[in-house]
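Got your viewer open and the selection box ready? Let's walk through this one stop at a time.

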Amino acid sequence: MALNAASHNITGEKTGPVSGQPPPLSDEAKSAILDSANGDPKGHNAPGKDGGDQDGEKKVKSEKELAKERAKADKAAKFAAKQEKSKALALASQPKQKENKKPQQERLALYKEETPKGDKKILKPLDDEYHKAYIPAVVESAWYDWWEKEGFHHPEFTKDGEVKKAGSFVVAIPPPNVTGSLHIGHALATALQDSMIRWNRMKGLTVLYVPGCDHAGISTQSVVENMLWNRQGKTRHDLGREKFVETVWEWKEEYHSKLNVVLKRLGGSMDWSREAFTMDKNLSAAVRQTFVQLHDEGLIYRANRLVNWCTKLTTALSNLEVDQKELAGSTKIDVPGYDKKIEFGSIWNFKYPIDGTDETIEVATTRPETMLGDTGVAVHPNDSRYKHLLGKKVKHPFVNRLLPIFGDDSVEMEFGTGAVKITPAHDFNDFRRGKEHNLEFINILNDDGTMNSNAGPFEGHKRFDVRYTVISELEKKGLYVGKKDNPMSIPMCSKSKDVIEPVMKPQWWMHMKELAKPAIEVVRNGEIKLKPASSEAMYYRWMENIDDWCLSRQLWWGHQVPAFWVKTKDGPAYDTDPEYWVTAHDEAQAREKAEKKFIGKEFELLRDPDCLDTWFSSGLWPFSTLGWPEKTHDLEKLYPTSMLETGWDILFFWVARMIIFGLKLTDKVPFTEVYCHSLVRDSEGRKMSKSLGNVIDPVDIMDGIALNDLTAKLATGNLAPKEVERATKWQKSAFPDGIDECGADALRFSLINYTTGGGDISFEVKVMRGYRNFCNKIYQATKFVLGALPDDYTPPARGGKMGKESLPERWILHKLNVAAKKINEALAAREFSQATQAVHHYWLYELCDVYIENSKSIIRDGTPEESSSARNTLYTALDGGLRLMHPFMPFLTEELWQRLPRREGDKTKSIVIAAYPEHDSELEDETSNRAYELVLGCSKGLRSLLQEYSVKDDGQAYVQSLNPDAQKIASAEFASIKALAGKGLGNVTVLEQGASVPAACAVYPVSADASVFLALKGDVEPEAEIKKIQPKMAKVADAVKEQEKLIQGLGEKVSGEIRGKEQGHLKDLLSEQRAYEESLARFEEMKL
């Protein structure tokens, strides 16, 4: 009888991981299976039974074998007993399951916001079904529309139009492409930028956050062309340029509005009245002004040079838009437009026949199809193998062409055959050799990647089909030699994944080396700071090796080049002489220039049909969005901008070009700081890609989404069936239950907290869920405070100390002050993670876990004066905490802050414009902090001991002070220590300094100031206690050694504050070590 083929385990025992755990067997079923197994020598056997012939001769085992079996059995028995004991202990430690008598709560219907759009939100009672607990959709509704209507996001100037005294802070959003939806990288950028914007706004600066989007020439045209083909079976040529551009504008309006909705959902406090688009009227004027000015200055020029040509998109690309795919050897890869994979990473050898002789010369190529464009063969002039061939010609086997053999010192004699085929019109290295040796430049490719008439019999065939047919034809002619692996890199279009072809094209170019020099200098001298510092090295490396920029793109969507060909009757053919081009804002100005240049000649103007590289207009973004080239108020007062926050992956695409354009066109840096955030990867560390299915829509995290709906989204994209299958599999493993609704605040907080300034971010949706729970903690804490305040409560006109605060109150005010200092310093230093950790620590571990809990008894049991003071402090701690949190969680903090009563005379409309808490020296109280930390340390230690020894009631505890200050604090606060330690304590005794600790007590070392003890009940086993203490002693002894080593290694430059902190930690460790040693000695004494 076959049982479990996967694990081959004993019947009735647990199954291994292959097939999963089956349902448990009943005793009857188990007995029946074993009976069957006992009677069947084949298949799966009963425990302890061998297979085979039951009546066969039994093997007699030796004494040694029997002894070995007995030892093995004893070991197995001991192990089984140990396992049973572990199971029993685990079972005993589990909490008893309570019967769930409550009926399952029904899911709430979708929340409907009753507040009219733009009005201040109608706040519902907190006992309302939708407000009992934190629900992101409920909390985040209505606020953004009100913020917009009230103009809170507009920059605030003084009455005379000047920037406020505190200064200005301006950020222009890196414009997202208008091509589609925002991804988690956009959410990260928005969270970081907006946290800085809100922080500076609350600090009283004139603040502007400029929104906008990019026309994304290649991407947008590609998307719309695909849409046209899929829906109507038409190409852009069927529509014509004018109608096609109209279609793209219609599409842009639809998708543009979707982007803005998501940015608002994320809480980005942009000034939408200043929204920009790279093709709107003013930015288009800025593009024309820049092109014409730089062309007139000779910085932009026309040249027929090799470009990176994408046959899929039929346009030229800049070097930055080309990815290099590294291959170790022969590899077949997918290429758009081909049914089969194409071989790369090989080198093919073939022979050219020498004209007029029987000789041949062997050459090699990684691209056999390009031999159709060969116009020469280069050898080293000193290569003895080929000296006699210099000046002769080879005969092309397929086209009527003779190729000269010439000497070139750059040829490596030892590489390959030492003879190099030259294709000047299709290879960047050969282009240079072609120029130097005056070779013919023959283009063999049409724009779509098919062969043109120069390819002879291969005309009309696709380039990579020709790769194989050329080899086949060479074989027929006896000229093919063979192939071998060749490690290499392949240039690929970053957009279409097509293999790039170097092709000769007349294009517009921009001289970059001279423009780059001042852009390098402003970073070197600190006028612009790049963060993190690692970005600087990359910046210098690229800028110092910069190439001229190819500006032309063969597109219809974008900024059409403002250049006109002057066609005269006796002039050159179109686009063969750059002197016949003029540049101008419009045709009328172009005509004026042409008339002055070609005096008395009749001419016709033909505008260049190409568009400019998208990054050309994006490079003008920081100042064109503020009105340039017009002299606007915004440009005068708010430029240069303050900060650019972006991804390091577009440092060269965009950031460097903005610096270059800013310095050239405005004589100012465009911004004073660049912060490069990390790349967001999935939980497995992979780059996010649609084909992997790991691109996360931030809306799905904010709103939540079921797994089925998440998977259904894959079908709406352009993924191949195999990619959909792979993506579906990953989504099922990553989100088996879908994605919970987390809200914008939890998403923002998580992303900001991820930002350490270090490496890439491994993104995990579960983290968002954890911070959603944190949002609920803040929500419930505020509900408690509101419930603790009388209906007619009005907080004092100013926060801070009144002089009658208890120790817990002085402590929380000190902690609020410390948090304000840490967060302000962290944000100023762009240490985003440190800022979120500081505010998280304050809310969770100081305000919620300690002060709110402690204030309950003071408010309930204290005198009227004590209760009043505790409420005032509670209000200050909560109000300050909400304002500290606002830059990170704008919606939740507004929702809760609006429910708080205002201080007398405070007319602040919104937390958006409330003052951000600053460090206040009056609230600095290190004495109270140390005192209350001692109280908290003692109570924590006692709670730990009560739990360790399972003491539920009437516990007897002792506090041993180790210095006079600690003695004074413990004596004064012993009631607080007892209250905070929990219900298990019956009594707490503060020992007199120097008094001995009673025998039979467990110790918990608190710090260098105190230790706490718990009297052990019943029969105490000294040996058992000694065994508990020994590993603790060993651990602290190791910690002491490590800390001493750390202190010895501190350099001279380490601040006294840090050195003192480390010395204090060592002091605590030594005290802990001493406490365990003394406790051990007491138990040793008990043994005697």
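Start with the largest nonpolar core, which has 237 residues; select Met510, Tyr539, Phe616, Phe763, Ile823, Trp843 and Phe888, the ones with the most contacts inside it. Keep in mind as you click around that this is a predicted model. Now colour helix α25, residues 832-861: it supplies 14 residues, the largest share of this core. Apart from this core lies another one, of 34 residues; Tyr301, Met371, Val470 and Trp509 are among them.

Go back to the big core and zoom in on Phe616. Which residues does phenylalanine 616 touch, leaving out those up to four places away in sequence? Show Val287, Thr290, Phe291, Ile300, Met510, Trp549, Leu551 and Phe661 and you have the set. Met510 also turned up in the list of residues with the most contacts inside the core.

Next, add helix α22 (residues 743-754) and look at how it meets α25. Their axes come within 6 Å and cross at roughly 125°, so α22 and α25 are oblique to each other. To see the contact itself, show Phe749, Ile752 and Asn753 on α22, then Phe832, Ser833, Thr836, Gln837, Val839 and His840 on α25.

Now move along to the open sheet of four strands, ordered β31-β30-β33-β32, with mixed pairing. Pick out β31 (985-990) and β32 (1001-1005): they stand at the edges with a single partner strand each, so one side of each has no neighbour in the sheet. Tilt the view and you can follow the twist, as neighbouring strands are turned by 25° against each other on average, direction ignored.

Inside the sheet, select β30 (residues 955-961) and β33 (residues 1010-1015), which run antiparallel and are joined by five bridges. For a single pair, click tyrosine 958 and then its bridge partner in β33, phenylalanine 1013.

Two helices are worth switching on here. Helix α30 (residues 974-981) lies across β30 and β31, at about 145° to β31. Helix α32 (residues 1056-1087) lies across β32 and β33, at about 170° to β32.

Stay on α32 for the last stop. Its 32 residues reach 47 Å from first C-alpha to last, close to the 46 Å expected at 1.5 Å a residue. Which of its residues are buried? Select Glu1062, Leu1066, Leu1069, Ser1071, Ala1075, Tyr1076, Ser1079, Leu1080, Arg1082 and Phe1083. Then bring up β32, β33 and α31 (1022-1048), which the buried residues of α32 pack against.

Note on methods
Residues are numbered from 1 along each chain as its sequence is written. This is a predicted model: local features need pLDDT of at least 70, side-chain atom pairs count only at pLDDT 80 or more; totals for chains, interfaces and linings use all residues. Side-chain values use heavy atoms; hydrogens and water are left out. A nonpolar core is a set of buried Ala, Val, Leu, Ile, Met, Phe, Trp, Tyr and Cys residues joined through side-chain atoms within 4.5 Å. Buried means under 20% relative accessible area, exposed over 50%, partly exposed in between (1.4 Å probe, protein chains only). Contact means heavy atoms within 4.5 Å. Two strands pair if DSSP finds at least two bridges between them. Axes are lines fitted to C-alpha atoms, for helices over the stretch in contact, and angles run from 0 to 180 degrees between N-to-C directions. The expected span of a helix is 1.5 Å times one less than its number of residues. Angles under 35 degrees count as roughly parallel, over 145 as roughly antiparallel, 65 to 115 as roughly perpendicular and the rest as oblique.
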